[in-house]
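Colleague: Thanks for making time for this model. Could we go through it together, one question at a time?

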Amino acid sequence: MPKQPAFPGLRHAMKKKQTRREKFLAEMDSVVPWTRLLALIEPHYPKVGPKGGRPPMPLETMLRVYFLQQWYALSDPMAEEMLYDSESMRRFAGIELGDDRVPDETTILNFRHLLEKHALTERLFVEVNKHLADQGITLRSGTLVDATIIDAPSSTKNEAGARDPEMSSTKKGNDWFFGMKAHVGVDAESGIVHSLETTTAKVHDSQVWDELLHGEETSVWADKGYVSAAREAHFSGPDKFWGVMRKAPKGAALDPIDEHINRIIAMVRARVEHPFRVLKRQFGYLKTRYRGLAKNRAQLFTLFALGNLFLVRRKLMP
C-alpha cells in the first residue's frame, strides 16, 4: 500500500537538509527592504473599487513573484508554473496551495507592466541604494566605469517577422554581437552599482560617461575605451587620480611606467566585473527578454538593485 502524502508544512519541518535555493531565498528575504519598496509601489497598485469585485493579489506577493522572476530568469508563464511546482518558491511568495490564489501569467504580466508604466524599477534601484547608505554602505571616493553587451535574439521567426529595431550590432574583438549595452558606474570600495544607463549596442562605451559619475569622485577607473585628453584635463586636480588605462602612442610601445600603472589600474578595475557576474552567472541573465530598449532597461534597474543586495548580503544579514 502506498504511503499517504504528508502535509506540506509538516514535510518541510521534517526536512534534514536546506537546499541551495532555500538558503538563497532565505538570505535575500532577510536583506530586501520590503517595507520601503512596497511603499513606493502601493500608491500605484490597484484597489478594490466602490462596487466591489474580485480583490487584487496582495502587493507583497506580486513583488516577491516579480523578484523570483529576476533571480531565476523566468518568463511570465514559467513563473506561474514554478509557483505550482516549487514549494520553496511558494513559501517565499507567501502562497499556500489550497488556501491562496496563485497568480496566473496574465496577472504577473500586468504587474510588470505596472512597474514599467510608472518607471518604478528605477525608483526601486534608487531606494535600494538609499537603504544601503542607511546601513553604512555608502559611496566612497572612487568610481569604476564599464559597460557590458547584452545579447538580443537575432532571429526573425517572430510575430513581427523582423529583428528588434531598437537593438543593433557591434564588434568586439573578432566577434559580432547584436543587442544592447548596460553602462554602469560602480563604487570602487563596496562594488555596488550606483549609476546605470542603457543604449543600443553600437553606441561606443566612451559616449556614456557623465551619467555614470556621482560627482564627488577623487578617482575614476576605466579601460582604454574611455581614454580622453579632455576628460583627463577636466578631472585633474589635487588629490585626484585618473585611473583610465594608458594607451600607447600610435606606432610606438607603451612606456614601462605606464605599463606598471596599467597593472595597478587593472587590479582595481577587476571589481567592476562583479555586478555583471552576478547578473549573468548567479541570476542567469544572458539575453534580453523583451523587445525594445524601454522594457529591458526597466528590468536592468531591478536586476542591478537585487544584484547590489546580493553582493553585500553578508554585511546586511542579522
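Modeller: Happy to; what follows is a set of questions and answers on this predicted model.

Colleague: Let's start with helix H3, residues 34-41. Which of its residues are buried?

Modeller: Buried here is a matter of relative accessible area, with the cut-off at under 20%. For H3, the residues that meet it are Trp34, Leu37, Leu38, Leu40 and Ile41.

Colleague: And how wide is the arc within which those buried residues fall, seen down the axis of H3?

Modeller: An α-helix has 3.6 residues a turn, so residues three or four places apart point the same way. In H3 the buried residues line one face of the helix, while Thr35 and Ala39 are exposed on the other side. The face is given by the arc, because the buried residues of H3, viewed down its axis, fall within 155°.

Colleague: Which helices do the buried residues of H3 pack against?

Modeller: Here the partners are spread along the sequence, from residue 20 in one helix to residue 134 in another. The buried residues of H3 pack against H2 (20-31), H4 (59-72), H6 (87-93), H7 (105-117) and H8 (120-134).

Colleague: Arg36 is in H3 too. Is it buried, exposed or partly exposed, and what is its relative accessible area?

Modeller: Partly exposed is the class between under 20% and over 50%. Arg36 belongs to that class because its relative accessible area is 26%.

Colleague: With which residues does Arg36 form salt bridges?

Modeller: Side chains of opposite charge can pair when their charged atoms come close. Glu127, which is buried at 13% relative accessible area, meets Arg36 with 2.8 Å from N to O. Asp134, exposed at 56%, also has its closest N and O atoms 2.8 Å from those of Arg36. The partners of Arg36 therefore include Glu127 and Asp134.

Colleague: How far apart in sequence are Glu127 and Arg36?

Modeller: Glu127 lies in H8 and Arg36 in H3, so their salt bridge ties together separate parts of the chain. The distance between Glu127 and Arg36 in sequence is 91 residues.

Colleague: Which helix does Glu197 reach through its salt bridge with Arg297?

Modeller: The closest N and O atoms of Glu197 and Arg297 are 2.6 Å apart. Arg297 is partly exposed, at 21% relative accessibility. Glu197 sits in strand S4 (residues 193-200), and its partner, 100 residues away, is in H12 (residues 293-311).

Colleague: Which residues do salt bridges with shared partners join into one network?

Modeller: The count for the model comes to 16 salt bridges. Those that share partners make one network of Asp76, Arg112, Glu116 and Lys295.

Colleague: Now the domains. What area is buried between domain 1 and domain 2?

Modeller: The domain assignment gives domain 1 as 12-118 and domain 2 as 139-289, and their centres are 33 Å apart over C-alpha atoms. In contact are 7 residues of domain 1 and 4 residues of domain 2. Carbon and sulfur atoms give 51% of the buried area, which is about 420 Å².

Colleague: Which residues of domain 1 lose the most area to domain 2?

Modeller: Together they account for 69% of what the side of domain 1 buries. They are Phe24, Trp71 and Ala73.

Colleague: How many residue pairs are in polar contact between domain 1 and domain 2?

Modeller: The interface of domain 1 and domain 2 has 0 salt bridges by the rule. Of the side of domain 1 that touches domain 2, the largest share, 3 residues, comes from H4. As for residue pairs in polar contact between the two domains, the count is 1.

Colleague: What is phi of Ala73 near?

Modeller: Most residues other than glycine have a negative phi, and most peptide bonds are trans. Ala73 lies in the loop between H4 and H5 (76-85), and is partly exposed at 33% relative accessible area. Its phi is positive, near 50°.

Colleague: And what is phi of Asp239 near?

Modeller: Asp239 is in the loop between H9 (229-235) and S6 (241-244). Asp239 counts as exposed, at 72% relative accessibility. Its phi is also a positive value, near 60°.

Note on methods:
Residues are numbered from 1 along each chain as its sequence is written. This is a predicted model: local features need pLDDT of at least 70, side-chain atom pairs count only at pLDDT 80 or more; totals for chains, interfaces and linings use all residues. Side-chain values use heavy atoms; hydrogens and water are left out. Buried means under 20% relative accessible area, exposed over 50%, partly exposed in between (1.4 Å probe, protein chains only). Helices (H or I, at least four residues) and strands (E, at least two) are DSSP runs, numbered from the N terminus. The arc is that of the directions from the helix axis to the C-beta atoms. Contact means heavy atoms within 4.5 Å. Domain bounds come from an automatic or database domain assignment. Buried area is the accessible area (1.4 Å probe) that two parts lose on being put together, summed over both. A salt bridge is a side-chain nitrogen of Lys or Arg within 4 Å of a carboxyl oxygen of Asp or Glu. A polar contact is a pair of N or O atoms within 3.5 Å; within protein, one must be able to donate a hydrogen and the other to accept it, and residues adjacent in sequence count only if both atoms are side-chain atoms.
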